[in-house]
Amino acid sequence: MTTPSRAVLGQVPVTFLGGMSIAALGMQETVDRMAEAVRLHPRPGTPLYLTSANGEVMSRHARDAEFARLVDMADLISADGQPMVTLSRVVGDRALPVRVATTDLYHEVARKAAAEGLTFYLYGATEDENRAAVATTQRLYPALRIVGHHHGYLAGDALTDKIAEIDALAPDILWIALGVPREQAFVRDHGPLLRNVALIKTSGGLFNFLSGSRSRAPAWVQRVGFEWLWRLVQEPRRLFWRYCLTNPHSLYLMLTRSGDRRRTRQGEGKTGEAMVLAEPEKDDLVGRRAKGA
């Protein structure tokens with residue numbers, strides 16, 4: 001049975017883009033939906049799960065069936081790539097209003113959480129970066145309550161104990177910054193044990209930006225869709241082959257597996273109408289009911 005909290009996230013408009021169902025929500029709409037879902041979510045219960053997609057995620061989603069399952073079981077998938085926003089206006093079921101970058105979303109959610117008494121836990125990155133991310137958050141939002149934090153390099157019994165500790169602290173929102181695909185696998189493996197956590201949000205390199213170890217591209221670079229190039233200049237050895245392979249592939253996917261192309265291939269729907277295709281429900285990996293998992 002769908003809980004009221006999952007209904008809040010499940011009844012959002014989506015666009016089918018590059019083989020993925022992406023939430024067509026603006027930044028403030030996303031923040032408001034998250035806060036409302038947290039307030040409505042029953043505890044104990046399986047936590048809500050939010051993730052984001054960019055070119056790398058879209059490419060991996062098409063190439064790796066298990067990873068696609070991990071992403072598709074999310075209650076909400078946000079667009080964390082400006083090219084996705086731009087191309088959605090041409091090939092998607094509907095246009096994405098804006099890019100909902102996790103690095104920007106975090107600050108908007110933090111402001112709302114501070115005002116409404118919602119709590120955070122920050123898990124991931126190195127010990128130094130995690131500590132610096134927490135310090136930055138506390139400096140910017142002194143009214144926000146962070147109930148705990150820890151680096152992301154745990155395994156075995158230490159990880160098991162930490163999961164139990166996080167569950168006992170019962171944060172409203174657990175931010176997981178382990179990188180793709182580790183953070184999606186974290187939800188699969190540990191989500192069922194975090195029954196007192198309301199919502200898990202995967203966060204990629206969020207803590208690196210909060211800590212100051214990485215810098216965001218200027219706003220105009222983000223708007224024209226070249227933040228990936230800015231990051232490539234900063235980390236050429238780590239990112240060169242990733243972007244060379246996934247950027248062209250994700251562009252191909254958006255041009256061939258979006259909007260009407262999907263409906264025409266399956267013989268469903270009418271050109272120009274926004275719709276969500278009905279698919280059989282199956283149990284997903286974190287215990288809720290998911291479409292097409």
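Here are a few exercises on this predicted model, each with a worked solution.

**Exercise 1. Find out how confident the prediction is, and where to be careful.**

Start with the whole protein: the mean pLDDT is 85, and 77% of the residues reach 70 or more. Next, look at residues 263–293, where the pLDDT is below 50. That stretch still has 60 contacts in the model beyond near neighbours in sequence. Don't lean on such details, though: where pLDDT is low, the predicted coordinates should not be read in detail.

**Exercise 2. Work out which parts of the chain the salt bridge between Asp 80 and Arg 99 ties together.**

First, check the pair itself: the closest N and O atoms of Asp 80 and Arg 99 are 3.1 Å apart. Now place each partner. Asp 80 sits in the loop between strand E4 (76–79) and helix H5 (82–91), while Arg 99 sits in the loop between H5 and helix H6 (102–116), so the bridge ties together parts that are 19 residues apart in sequence. Finally, look at the surroundings: both Asp 80 and Arg 99 are buried.

**Exercise 3. Take the salt bridges Glu 127 to Arg 131 and Lys 162 to Glu 165, and decide for each residue whether it is buried, partly exposed or exposed.**

Begin with Glu 127 and Arg 131. Both lie in helix H7 (residues 127–140), 4 residues apart, or about one turn of the helix. Buried means under 20% relative accessible area and exposed means over 50%. Glu 127 has 47% relative accessibility, so it counts as partly exposed. Arg 131, at 43%, is partly exposed too.

Move on to Lys 162 and Glu 165, which are 3 residues apart in helix H8 (residues 156–169), again about one turn. Lys 162 comes out as buried because its relative accessibility is 12%. Glu 165, with 38%, is partly exposed.

**Exercise 4. Locate the cis peptide bonds before Pro 44 and Pro 181.**

Take Pro 44 to begin with: the bond from Arg 43 to Pro 44 is cis, with omega near 5 degrees. Pro 44 belongs to the loop between helix H2 (27–40) and strand E3 (48–53). Then go to Val 180 and Pro 181, joined by a cis bond with omega of about 5 degrees. Here the loop is the one between strand E7 (173–177) and helix H9 (182–190).

**Exercise 5. Where is Ala 125, and is it buried or exposed?**

Trace strand E5 (119–124) to its end; Ala 125 is in the loop between E5 and H7. Its phi is near 65 degrees, a positive value in a residue other than glycine. With a relative accessible area of 13%, Ala 125 is buried.

Notes. Residues are numbered from 1 along each chain as its sequence is written. This is a predicted model: local features need pLDDT of at least 70, side-chain atom pairs count only at pLDDT 80 or more; totals for chains, interfaces and linings use all residues. Side-chain values use heavy atoms; hydrogens and water are left out. pLDDT is the predictor's confidence in each residue, from 0 to 100. Contact means heavy atoms within 4.5 Å. A salt bridge is a side-chain nitrogen of Lys or Arg within 4 Å of a carboxyl oxygen of Asp or Glu. Helices (H or I, at least four residues) and strands (E, at least two) are DSSP runs, numbered from the N terminus. Buried means under 20% relative accessible area, exposed over 50%, partly exposed in between (1.4 Å probe, protein chains only).
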